[in-house]
Amino acid sequence: MMRSNLMDMYNEQEIQSNFDKQVLLTNLMESSVVHPQVKKVKRNQELIHEGESTDYVYYMLSGIASVKKEANIFGFIGAGQFVGFDTLFLNEPSTYTIRTREMCEVYVFDRLEVMEYLFSLQEGWIFFYLLEKEESQQLLKYQNFMRLKGVARLDAVLQDLAHTFGEEDGVIVLPKSFSKQCIADYANFSLNTITSLIKELRREGFLAPTTKDTYFCLAK
């Protein structure tokens, strides 16, 4: 119903242009009721802990963080993404743990100030709706990965990470925070299994030889 009402008011292009994450960030930074702080967060620190409520909303300026539920990593967050909107209004315990995988720089927003700003807007709920939709799409993507087997799953996972986080340098290089253990946890493989799959992908030419600082280099 919410999507139907939304599409009645705006077309898809208007929604993406007027209510995306960058627009929300700009509006929050310019709001007189919101007072963000810039913070550097060391590697392996929790921004949000599963089962606990939080008084803050974060915006990633740089770095990478993992999204984890119980023992399972099912996503990663990078620059340009918000953290903490899933429990913004009711301040319920978080469903996930968000943990930095490298040094991250973030804007820290007070949850109540963000709520006050969004409630002051006639269409503030649209920002929340779109962020919630993005989270649902991330979970669906992970579930689709898990339906694949062996090499096909690892191939799909690495291509997706390369699209989001990879840097081109003759080959496509994943940041070194995506270690073999990290990818194994995310793709739900044992270390022995992923080691075998990596060898197979190298034989096929999908993975290029690695450099000193990274384990995964994808051939272009």
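Which residues does V67 touch, not counting residues up to four places away in sequence? In this predicted model, the partners of V67 are N72, I73, F74, G75, F76, I77, Y96, T97 and I98. V67 itself has its place in strand β4, which runs over residues 65-69. With a relative accessible area of 9%, V67 is buried, because buried means under 20%. Two distances help to place V67 in the fold. The C-alpha atom of V67 is 14 Å from that of N188, although the two positions lie 121 residues apart along the chain. Between V67 and E105, 38 residues apart along the chain, the C-alpha separation is 17 Å.

Just past this strand comes a residue with a backbone angle worth a pause. E70 is found in the loop that joins β4 to β5, and its phi is positive, at about 55 degrees, although E70 is not a glycine. Most residues other than glycine have a negative phi. E70 is exposed, with a relative accessible area of 62%.

The tour can continue with E105, the partner in the second of those distances. E105 lies in strand β8, residues 104-110. Its relative accessible area of 25% makes E105 partly exposed. Leaving aside neighbours within four places in sequence, E105 is in contact with V38, K39 and K40, and also with Y59, M60, L61 and S62.

Another helpful landmark is M29, in helix α3 (residues 21-30). M29 counts as partly exposed, at 35% relative accessibility. Beyond the residues up to four places away in sequence, M29 touches P36, Y107 and F109. For F109, the C-alpha atom is separated from that of M29 by 9.7 Å, while the two residues are 80 apart along the chain.

Attention now turns to the largest pocket, whose volume is about 700 Å³. Of the 31 residues that line this pocket, I77, Q81, E134, E135 and Q138 are the closest to its centre. At least two lining residues come from each of β5 (72-77), β6 (82-83), α5 (124-147) and α6. Helix α5 gives the most, with ten residues of the lining. Sorted by class, the lining has 16 nonpolar, eight polar and seven charged residues.

Helix α6, one of the contributors to that lining, also holds D160. Is D160 buried or exposed? At a relative accessible area of 17%, D160 is buried, since the cut-off for buried is under 20%. Apart from residues up to four places away in sequence, D160 touches K141 and F145.

Further along the chain, helix α7 (180-187) has C182, I183, A184, Y186 and A187 as its buried residues. What covers these buried residues includes β5, α5, α6 and α8. After α7 comes N188, with a positive phi near 65 degrees. N188 is not a glycine, and its place is in the loop between α7 and α8. At 51% relative accessibility, N188 counts as exposed, because exposed means over 50%.

The loop leads on to helix α8, with 13 residues (191-203). At 1.5 Å a residue, α8 should span 18 Å, and its end C-alpha atoms are 19 Å apart, which agrees. Where do the buried residues of α8 sit around its axis? The residues concerned are I194, L197, I198 and L201. They cover an arc of only 105 degrees, so they lie on the same side of α8. N192 and R203, on the other side of the helix, are exposed. The cover over the buried residues of α8 includes α6 (150-165), α7 and β11 (207-208). Following α8 is G205, whose phi is positive, near 85 degrees.

Taken together, helices α7 and α8 show a mutual arrangement: α8 is among the elements that cover the buried residues of α7, and α7 is among those that cover the buried residues of α8. Helix α6 appears in both sets of covering elements, and α6 also supplies at least two residues of the lining of the largest pocket.

Notes
Residues numbered from 1 in each chain as written. Predicted model: local features only at pLDDT ≥ 70, side-chain atom pairs only at ≥ 80, totals over all residues. Heavy atoms only, no water. Helix = DSSP H or I, 4+ residues; strand = E, 2+ residues; numbered from the N terminus. Buried < 20%, exposed > 50% of the residue type's maximum accessible area, 1.4 Å probe, protein only. Contact = heavy atoms within 4.5 Å. Expected span 1.5 Å × (residues − 1). Arc of directions from axis to C-beta. 1 Å grid on protein atoms, 1.4 Å probe; cavity = no way out; pocket = protein on both sides within 12 Å on 5 of 7 lines; lining within 4 Å. Points joined across faces, edges and corners; volume = space filled by probe spheres on them. Nonpolar A, V, L, I, M, F, W, Y, C, P; charged D, E, K, R; others polar.
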